[in-house]
Amino acid sequence: MLSSVFSFLLAAVLSPPAGVSAGDVPNDGGGNIEVTWARSTDTTVIGYRVLRQTQSSEQWETLGFVGRRSLKYDDDGARNGVQYRYKVIAESNAETAEAPPSGYAVASSQWFDTNTLPALIGTALLSFILLHFINRARKDKNLFIRRIAGLDAVDEALGRATEMGRPTLYVPGTSSIADVATIASLNILGEVAKKTAKFGTPLIVPNTDPVVYTVAREVVKESYTTAGRPDAFTQDIVFFVTDQQFAFAAAVDGIMTREKPATNFLIGMFYAEALILAETGSGTGAVQIAGTDAVSQLPFFITACDYTLIGEELYAASAYLSREPLLLGGIKGQDYSKALIVGVIVLGTLLALLAGLPVLKYL
Amino acid sequence: MMNFWTKLQALDRRWIYLVVWLVVMVPLIFPFKIRPVATPPVQSLFNYIDTMPENKALIISIDYAPASQAELQPMLIALLRHAFAVHRKVGVLSIEVQGLGIGEDALRQVAAEFNSHARTNADSVLNGRDYVYWGWTTPYITVMLGMGQRIARVFPVDYYGQKTESLPIMKHLKNYDDAGILVSVAASAYPLSWINLAQTQFGIHLGCGCTAVSAADYYPYVNSGQFSGMLSGMKGAAEYEELLERRMAQTGMDWGLRRKGTEAMSSQAAAHLAIIAFIIIGNIAFFITRRRKS
Amino acid sequence: MRRRIPLILVLVTGIFGAVAFFIPHHSIQAADESMRNDVQRIIAAFSLVLGVGSILAHHFTKIQRRTANWQYSWVTVVTLFVSAVIGLFGGIDPARPGILPTHIGSFSFHMQTLYMNMMVPLAATMFSLLAFFMASAAYRAFRARNFSATLLLAAAFVLMLGAVPLGRMIFHPLPSFAEWILAVPNTAAKRGINFGIQLGILATSLKILLGIERGWLGGG
Amino acid sequence: MNISTDPWVWIAAILTLAIFSFLYRENPFYRIAEHLYVGLGNGYAITFYWHRILVPSLIDPVGHNPSIVMKVWLIAIAIIGALYFTRFIPRISWLVRIPIAIALGYYSGATIPRAVDAEIIKQLRATIITRGQLAHWDAALWAIIILVGVIVTISYFFFSAERKGALKPLSYAGIIFIMVGFGASFGYTVMARISLFIGRLQFLLGDWLGIIK
């Protein structure tokens with residue numbers, strides 16, 4: 001009898017969460033205090049209500065409610081330098097159970113995020129390797145870079161356009177100037193424009209980004225001047241079309257079918273429009289040279305174009321074509337960085353498997 | 001003969017376009033039945049909903065905009081039909097504001113299907129008693145967390161402007177504890193938010209319906225059990241429709257309802273087979289002409 | 001000066017962009033947020049003027065010189081002006097009308113209507129051309145010319161066949177095999193390519209900051 | 001049959017057909033649709049940049065923000081943005097490089113640590129094999145294949161040496177992985193792209209012509 005009354009009481013009284021504590025969230029800009037607790041032993045608990053009190057006040061304000069599986073709450077409304085303490089109340093449908101409040105905690109701002117330490121070391125190390133080789137390239141003018149297959153086709157393709165008396169189309173991708181592929185593409189455009197200027201082949205460069213358009217225009221103008229044909233540069237070589245992805249694709253498709261360029265260069269960053277452009281170009285019988293670091297679009301360029309610069313080959317191509325020692329040095333540095341990555345993968349795996357070291361913790 | 005194969009090699013691409021156009025269009029107008037076989041993620045979601053305790057509701061979250069309707073709408077319809085067919089309560093909400101109209105269309109359509117066959121009051125499907133459409137509110141974090149505590153507080157009035165508290169269905173649908181499963185039908189990354197917020201905090205069971213492109217990203221969560229099942233693309237919807245039709249036939253509900261996923265499946269499959277056939281023909285032509293040359 | 005000032009600006013803003021990643025302190029994070037939300041957004045909005053200036057100049061030149069298909073240039077010019085006027089003065093949110101009325105009776109020509117009934121169908125149709133282009137690219141390119149072309153063909157073939165009921169009928173584990181190709185060899189290749197790409201991005205970004213890469217300055 | 005009477009459905013349908021007509025060949029209908037799309041795209045961009053960026057981020061704050069510092073700051077940004085106009089004035093056209101430099105510099109700098117952190121270190125972590133992965137033979141085998149695949153693919157992009165000696169078989173193995181990966185991506189995308197076309201046909205046959213429901 002007594003025991004049944006006792007168990008009834010036990011069932012009726014909800015057990016509160018235990019060990020409520022609060023502390024500053026590390027590695028942030030301040031304003032955050034993390035409250036943690038241990039789970040209430042009752043299965044009827046729906047969740048926990050979290051309340052806060054400042055040192056100078058009597059008032060407890062409710063901050064929020066979290067689910068029964070949560071064991072922490074992030075108070076993101078704390079003012080830096082103010083003392084707060086916290087209370088956590090377990091709630092079921094019918095009852096509540098309160099735990100004693102936590103000690104006082106203060107939020108503060110940090111100057112370094114220790115989670116980014118691996119990134120910092122990695123950045124420093126890789127930057128050092130790259131800069132070292134760029135520097136070496138200044139002294140040693142004969143750094144070796146192997147031939148890149150698609151590039152031999154450039155002269156051949158431009159020659160073909162000249163023979164046929166048809167224009168050359170160059171699309172410098174559909175992304176912004178902040179995209180590295182765009183920068184690489186503009187470098188290649190400079191080399192291509194020098195050749196079209198020399199051969200007297202008309203060049204068409206449609207753009208989908210206003211800033212890229214401005215830069216592309218300057219690049220082409222400079223190439224024509226370098227090639228000794230400043231007179232051949234006209235306003236309508238490089239132009240802007242629209243920043244709408246598929247409207248741009250529609251317009252370039254129109255140019256391809258109406259102007260019938262003999263050679264199409266599709267080089268830079270591309271999205272879903274990649275195959276729309278490449279298939280239309282292939283339908284007009286143009287020789288197509290593509291290059292992108294958009295991994296998801298590469299399969300389509302490979303199937304629909306004559307030559308494709310895959311990923312990093314695009315960056316290497318701009319160095320290879322220009323023969324600029326500083327660019328070549330960069331490629332060298334990238335090669336050694338890749339070797340470093342392979343080394344880390346192999347060594348990390350060996351250490352993890354043979355020595356059982358928790359390698360992933362350090363990365 | 002040689003001429004034929006050489007010509008075939010350099011076939012005008014417009015013939016290919018024409019074939020693609022026809023093989024997609026003809027089955028849309030005259031659908032032929034193919035019996036899709038359910039893949040494990042589809043089967044497990046179906047089983048989960050089918051065997052849910054009777055007092056538990058199905059919650060569906062519409063997390064997509066009209067642009068993805070072609071792929072996702074058939075899933076929504078099939079899920080609603082399933083819940084009503086096995087007499088489970090349904091709550092529907094929308095995380096994407098453009099999804100509001102989608103939910104209303106779907107509920108109206110499915111309720112009408114059941115009501116046109118209903119013989120008793122218990123057979124019919126009524127708003128406020130058998131289902132509730134809470135509508136949309138923002139931000140999504142508040143919705144996903146708040147519903148774990150009290151749904152009526154997150155949505156004080158439903159889509160039609162009725163006070164949520166006053167609806168009979170809400171007496172037994174207070175929070176996630178009353179829901180057997182929540183299925184997020186989405187074209188974006190919302191299913192992962194449901195895991196991160198609703199599941200890790202309240203432990204609700206989740207299912208997911210997504211486009212074919214994002215399916216690869218969600219497979220790991222099906223393997224880990226965080227999603228109790230998954231429907232991917234039109235194919236997933238078609239498989240679910242197949243399971244559902246058999247299930248409904250068992251209880252005498254063989255009404256011959258439209259199966260948009262399955263209908264598109266015939267176009268889908270026909271187009272795939274056409275492309276596969278093209279590749280085979282192209283290669284045969286390639287080998288024959290090459291052999292002749294050498 | 002024409003080169004030095006831009007190069008100094010690149011270095012300064014670049015160092016700021018990189019450093020903000022490591023420092024959580026609220027003063028730096030607030031500055032970073034203003035950089036992204038105010039500076040970059042507003043500057044980007046102004047750049048559109050260059051583009052619109054260019055497209056108009058391009059089409060007016062065509063009209064002036066009566067080059068081939070010049071008549072169509074009027075379509076672009078007129079649509080551009082009309083839609084810009086509707087958008088600028090008619091507002092972007094149907095619930096908050098601008099000074100320009102955007103409907104005659106029940107016929108609406110609000111920007112949102114133009115968007116839903118012209119932009120969306122045009123974009124969706126251009127996008128759906130891919131269904132045709134994939135078919136024709138597959139027909140022409142998927143030939144077993146050599147070993148690597150055969151692998152390309154075979155992998156695509158397995159994935160496509162795995163997606164239709166027939167695939168399962170021919171060979172029961174085919175769909176699982178298709179998934180395996182996607183999850184294992186495909187992941188390896190994509191990851192390997194990506195390492196190189198990321199190093200290239202790192203190298204180029206570094207060269208831009210340090211003024212070694214100057215292609216973006218153009219001539220002059 | 002139940003043809004739509006909504007003029008906008010008709011306009012959308014005609015534009016849809018005009019684009020599809022390109023599949024047969026380039027023609028005046030496609031040309032009109034294309035030029036219209038370009039004009040509309042620019043009109044939309046102007047509208048969007050004005051109402052969604054310049055008004056809320058520049059004009060409203062300058063008008064209503066009480067802080068004088070904030071006003072000056074925003075006006076200064078606007079002046080930098082306006083330097084894009086100098087492109088049309090040859091004598092000072094180099095000033096256009098200033099806004100370009102601010103955008104390019106910031107994004108390049110911000111990219112560096114993020115590329116290292118998210119793309120290099122996180123991917124390294126995912127590739128290294130740990131003891132836990134060896135518990136199941138299949139998972140272990142797949143992890144080993146991925147590790148080998150990553151290494152040989154990287155070797156394909158090694159530019160400093162000719163493909164001779166050890167590098168030759170490695171880069172050949174690399175192209176095998178690359179081709180299988182690309183083929184798989186291609187085949188995988190087919191289904192999604194056909195869904196897009198089905199969507200357009202459902203619009204034409206359903207919403208417009210009313211042949212299918």
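**Entry 1: nonpolar cores**

I started with the nonpolar cores of this predicted model. The largest one holds 309 residues. Inside this core, C:Ala138 and C:Ala156 have the most contacts. I then asked which element gives the most to this core. It is helix 4 of chain C, with 20 residues.

I looked up the surroundings of C:Ala156, leaving out its neighbours within four places in sequence. In chain C it is in contact with C:Ala138 and C:Phe142. In chain D its contacts are D:Gly183, D:Ala184, D:Phe186 and D:Gly187.

A second core, separate from that one, has 21 residues. Among them are A:Ile33, A:Val45, A:Tyr48 and A:Ile89. As background, I noted that nonpolar side chains tend to be buried together in soluble globular proteins.

**Entry 2: where chain C meets chain D**

I looked up the contact between chains C and D next. It takes 99 residues of chain C and 95 residues of chain D. Which elements of chain C give two or more residues to the side that touches chain D? I listed helix 1 (4-19), helix 2 (26-65), helix 3 (70-90), helix 4 (111-141), helix 5 (147-162), helix 7 (174-183) and helix 8 (185-209) of chain C. Helix 8 of chain C supplies the largest share, 19 residues. By class, this side of chain C has 70 nonpolar, 24 polar and five charged residues.

**Entry 3: where chain A meets chain D**

I did the same for chains A and D. Here 49 residues of chain A are in contact with 42 residues of chain D. The elements of chain A that give two or more residues to this side include helix 2 (117-139), helix 5 (210-226) and helix 6 (245-259). Helix 10 (325-355) of chain A is also one of them, and helix 10 gives the most, with twelve residues. I sorted the side of chain A that touches chain D by class: 27 residues are nonpolar, 14 are polar and eight are charged.

**Entry 4: a strand in chain A**

I followed strand 5 (residues 72-75) of chain A and found that its side chains alternate. Which of its residues are buried? A:Tyr73 and A:Asp75 are buried and point to one face. A:Lys72 and A:Asp74 point to the other face and are not buried.

Strand 5 of chain A pairs with strand 2 (residues 33-38) of chain A in the antiparallel sense, over four bridges. In this pairing I found A:Thr36 opposite A:Lys72.

**Entry 5: confidence in chain A**

The average pLDDT of chain A is 89, and 97% of the residues score at least 70. Residues 1-11 of chain A stay under 50. For this stretch the model has zero contacts beyond four places in sequence. I did not look further there, because predicted coordinates should not be read in detail where pLDDT is low.

**Entry 6: chain B as a whole**

Chain B has 294 residues, of which 48% are buried. I noted eleven helices and six strands in chain B. Its C-alpha atoms fill a box of roughly 80 × 45 × 30 Å along the principal axes. Of the contacts in chain B with a separation of 6 or more, 75% are between residues 24 or more positions apart.

The average pLDDT of chain B is 89, with 99% of the residues at 70 or above. Where in chain B is confidence lowest, and where highest? It is lowest in helix 9 (residues 212-223) of chain B, with a mean of 78, and highest in strand 1 (residues 57-63) of chain B, at 96.

**Entry 7: domains**

Chain B is divided into domain 1 (1-30 + 259-294) and domain 2 (36-258). Their centres, taken over C-alpha atoms, are separated by 39 Å. The contact between them takes seven residues from domain 1 of chain B and twelve residues from domain 2 of chain B. On the domain 1 side I listed two nonpolar, three polar and two charged residues.

For chain C the assignment gives domain 1 (1-58) and domain 2 (68-140). The C-alpha centres of these domains of chain C lie 31 Å apart.

**Entry 8: positive phi in a loop of chain C**

Most residues other than glycine have a negative phi, so I looked up two exceptions. C:Arg66 has a positive phi, near 55°, and C:Asn69 has one of about 60°. C:Arg66 is in the loop between helix 2 and helix 3 of chain C, and C:Asn69 is in the loop between helix 2 and helix 3 of chain C too.

Why does C:Arg66 count as exposed? It counts as exposed because it has 8 C-beta neighbours inside 10 Å, and the cut-off for exposed is 12 or fewer. C:Asn69 has 13 such neighbours, so it counts as partly exposed.

Technical notes: Residues numbered from 1 in each chain as written. Chains lettered and ligands numbered in written order. Contact = placed C-beta atoms within 7 Å. Nonpolar A, V, L, I, M, F, W, Y, C, P; charged D, E, K, R; others polar. pLDDT = per-residue confidence, 0-100. Buried ≥ 20, exposed ≤ 12 C-beta atoms within 10 Å, placed from the backbone. Pairing = 2+ DSSP bridges. Core = buried A, V, L, I, M, F, W, Y, C linked by C-beta atoms within 7 Å. Domains from an automatic or database assignment.
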